[in-house]
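Visitor: Hello! I am new here and would like a friendly tour of what is on display. Could you show it to me?

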Amino acid sequence: MASNFKIDFNVSDFLDSTKKLDKTMTKELRLASKKSASDVESYAKANHRFTTRSGDLVKSIIGFSNISKSGFGAEVGVRAFDDSGNILGTDYGIYVHEGHGSWGADKFIEKALDKNIKKIYARWQKAIDVASKGF
């Protein structure tokens with residue numbers, strides 16, 4: 001005696017859900033990354049070894065975040081730009097970042113990322129949890 005049974009699976013609902021997940025994931029990761037970039041920027045501006053005279057080098061420190069178009073890749077960091085958009089801040093910024101003569105490089109950007117890395121990962125995990133809830 002043979003039994004016949006049939007299972008129908010409508011993939012359109014699944015595809016709609018993945019599109020919604022993609023949009024939600026992108027949004028949540030973008031928000032988490034922007035907040036993290038702000039924290040890293042603040043830490044870098046407050047914790048450097050160089051002496052602030054004009055404030056130009058400190059003002060050139062900018063936090064950034066990038067989210068891939070698919071929403072499944074994120075980046076947080078800090079850069080220092082000069083007025084013309086060149087990385088490393090002011091004309092003398094290269095000497096602060098890379099060192100010069102007996103003056104060693106000031107690794108304040110790396111320290112800012114190291115100090116905040118656990119918070120960055122925690123925010124990303126929370127964003128992923130929020131986005132995937134109910135998927």
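Guide: Here follow some questions and answers about this predicted model.

Visitor: In what order do the elements of the protein run from the N terminus on?

Guide: Let us begin with the inventory: the protein has four helices and two strands. Starting at the N terminus, these elements follow the order α-α-β-β-α-α.

Visitor: What share of the residues in the protein is buried?

Guide: Buried means under 20% relative accessible area. The protein has 135 residues, and the buried share of them is 30%.

Visitor: And what part of the exposed area do carbon and sulfur atoms supply?

Guide: The protein exposes about 9,500 Å². Of that area, the part supplied by carbon and sulfur atoms is 54%.

Visitor: How far apart are the end C-alpha atoms of α1?

Guide: Helix α1 covers residues 11-46. Its 36 residues, at 1.5 Å a residue, should span 52 Å, because the expected span is 1.5 Å times one less than the number of residues. The model agrees with this, with the end C-alpha atoms 52 Å apart.

Visitor: Is F14 buried, partly exposed or exposed, and which residues form a nonpolar patch with F14?

Guide: F14 sits in helix α1. Its relative accessibility is 45%, so F14 counts as partly exposed. On the surface there is a nonpolar patch with about 430 Å² of accessible area together, and F14 shares it with F9, V11 and L15.

Visitor: Where does the side chain of S33 find a polar partner?

Guide: S33 is another residue of helix α1, and its relative accessibility of 0% is why it counts as buried. A polar atom of the S33 side chain lies 2.8 Å from the backbone oxygen of L29. L29 is itself listed among the buried residues of α1, so the partner asked for, within the 3.5 Å limit for a polar contact, is the backbone oxygen of L29.

Visitor: Which residues is S33 in contact with, leaving aside its neighbours within four places in sequence?

Guide: Contact here means heavy atoms within 4.5 Å. With those neighbours set aside, the contacts of S33 are S65, I67, A74, E75, V76 and W124.

Visitor: Why are K35 and D39 separated by about one helical turn?

Guide: The two side chains meet in a salt bridge, at 3.4 Å from N to O. K35 is partly exposed at 42% relative accessibility, whereas D39 is buried at 15%. Both belong to helix α1, and their separation is about one helical turn because they are four residues apart.

Visitor: How many residues apart in sequence are the parts that D39 and K119 tie together?

Guide: D39 and K119 form a salt bridge, with the closest N and O atoms 3.7 Å apart. D39 lies in helix α1 and K119 in helix α4 (residues 108-132), so the parts this pair ties together are separated in sequence by 80 residues.

Visitor: Which residues do salt bridges with shared partners join into one network?

Guide: R123 also forms a salt bridge with D39, and the closest N and O atoms are 2.8 Å apart. R123 lies in helix α4 and D39 in helix α1, so this pair ties together parts 84 residues apart in sequence. Through shared partners, one network joins K35, D39, K119 and R123.

Notes: Residues are numbered from 1 along each chain as its sequence is written. This is a predicted model: local features need pLDDT of at least 70, side-chain atom pairs count only at pLDDT 80 or more; totals for chains, interfaces and linings use all residues. Side-chain values use heavy atoms; hydrogens and water are left out. Patches are made of residues with over 30% relative accessible area and no salt bridge: like charges are joined within 9 Å, nonpolar side chains (Val, Leu, Ile, Met, Phe, Trp, Tyr) within 5 Å. Accessible areas come from the Shrake-Rupley method with a 1.4 Å probe; for residues, only the protein chains shown count as cover. A salt bridge is a side-chain nitrogen of Lys or Arg within 4 Å of a carboxyl oxygen of Asp or Glu. Buried means under 20% relative accessible area, exposed over 50%, partly exposed in between (1.4 Å probe, protein chains only). A polar contact is a pair of N or O atoms within 3.5 Å; within protein, one must be able to donate a hydrogen and the other to accept it, and residues adjacent in sequence count only if both atoms are side-chain atoms.
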